[in-house]
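Reader: Thanks for sharing this one! Could you pick a single part, look at it closely, and then lead me on from there to its surroundings?

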Amino acid sequence: GCEQAAQIVADQFRRLGLEVSIQEFPLVVPMAKPDAQGRPASITDQTSGQSFTLLPIWPNLVRTSQTPPGGITGNIIYAHSGNLRSFNGQEVTDSITMVDFNCQADWFNGPLLGTKAVLFIEPPETIRGEAEQKFLSIPVNIRRFWIPKEAADHFLGLLRSEDRVPVTVRCQMKWQRVVGHNVIARLEGSDPRLRRQQVVIQAYYDSISPTPDLAPGAESSCSIAALLQIAKAMKAQPPKRSVIFLATAGHFEALTGAKAFIRQYIRGAKGER
């Protein structure tokens, strides 16, 4: 999706008649991969054998929601909002705990009580503050997953009639080196003397979410849309100084794209003079 977004941005710049170049830079991102049997991250109902796809939550610093090759097995329980009262009467140790996504940081009670993994049920709507509380800034080995609403409904239905619902959770999620792309478009200034001076206007085109595999980026798209509109307006009425329109990736990985541009085009340019 990020690569497709980069291509769309580059095409839009070219339609405006701007000079476009692509800068590549190394980037390390967490990626969920199929296991040796080709299975994606999943939860399996051990009684019926039915499986549902899971999406791993963003790593705790560098610690991903990786499971052993055979997965982790336990009885699934539902802890509603995740507060301590929600666990009353339930066997939490070695369980797999489902909680409502909009539970703030109360989901952490499950791991404190001994659960093996936490499954956040897909909410009808949420806010950024909720999302930011679903991963930690320290590398704690707490497996966390986004479970689709239809999968959660399946297990909630079983819990209404069964005392024990054994499940197995599998996930292969590792850090992978990829190539990031900055899209750079240049508009020549209208003044013969001032055009040698360049102004950089930057926006990022990539996105983030609680799970790297599902990051539609509706909110993030506002910035890059504004950049394209600015480029369109300036193309119609070129300023005296030249303008660099910079669309970066790696924004949520410590501004990797912006830093790569600075190293190559700003610090590097100074060194060449």
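Author: Gladly, and one convention comes first: angles run from 0 to 180 degrees between N-to-C directions, and the axes are lines fitted to C-alpha atoms, taken for helices over the stretch in contact. Please keep in mind that this is a predicted model.

Let's make the open sheet our part. Four strands build this sheet, in the order β1-β10-β12-β11, and their pairing is mixed. The edge places go to β1 (19–33) and β11 (198–204); each has a single partner strand, so one side of each is left without a neighbour in the sheet. From one strand to the next, the twist averages 15 degrees.

What joins β1 to its partner in the sheet? Between β1 and β10 (residues 172–187) there are 15 bridges, and the two strands run antiparallel. If you would like a landmark for this pairing, try proline 26, whose bridge partner in β10 is valine 179.

Two helices lie across this sheet. Helix α1 (residues 2–15) lies across β1, β10 and β12 (242–248), and it runs at about 5 degrees to β10. Helix α5 (residues 221–236) lies across β10, β11 and β12 and makes an angle of about 160 degrees with β12.

Strand β10, which spans residues 172–187, also leads us out of the sheet, by way of methionine 173. The backbone oxygen of methionine 173 is reached at 2.8 Å by the side chain of threonine 64. Threonine 64 belongs to the loop between β4 (55–56) and β5 (72–78). Is threonine 64 buried or exposed? With a relative accessible area of 7%, threonine 64 counts as buried, because the cut-off is under 20%. Beyond its neighbours within four places in sequence, threonine 64 is in contact with Pro59, Asn141, Met173 and Trp175.

The loop of threonine 64 runs up to β5, and β5 brings us to another pairing. Over four bridges, β5 pairs with β9 in the antiparallel sense, and glycine 74 has valine 167 of β9 as its bridge partner. Strand β2 (residues 42–45) is joined to β9 by four bridges too, again running antiparallel. There, aspartate 45 stands opposite valine 167. As for β9 itself (residues 166–170), four of its five residues are buried, so this strand is largely enclosed by the rest of the structure.

On the other side of β5 in sequence, serine 95 sits in the loop between β5 and β6 (96–100). Serine 95 is buried, at a relative accessible area of 1%. Where do its polar contacts go? The serine 95 side chain reaches the backbone oxygen of valine 92 at 2.6 Å, and a polar contact of 3.3 Å links it to the side chain of threonine 97. Leaving out residues up to four places away in sequence, serine 95 touches Asn75, Ile77, Gly114, Thr115, Lys116 and Ala117.

One last stop is helix α4 (residues 149–161), whose 13 residues reach 19 Å from first C-alpha to last, close to the 18 Å expected at 1.5 Å a residue. Its buried residues include Ala151, Ala152, Phe155 and Leu156. These four cover an arc of only 130 degrees around the axis, which puts them on the same side of α4. Turned away from that buried side is a face with the exposed residues Glu150, Arg160 and Ser161.

Key
Residues numbered from 1 in each chain as written. Predicted model: local features only at pLDDT ≥ 70, side-chain atom pairs only at ≥ 80, totals over all residues. Heavy atoms only, no water. Buried < 20%, exposed > 50% of the residue type's maximum accessible area, 1.4 Å probe, protein only. Polar contact = N/O pair within 3.5 Å; in protein donor to acceptor, adjacent residues only side chain to side chain. Contact = heavy atoms within 4.5 Å. Pairing = 2+ DSSP bridges. Expected span 1.5 Å × (residues − 1). Arc of directions from axis to C-beta.
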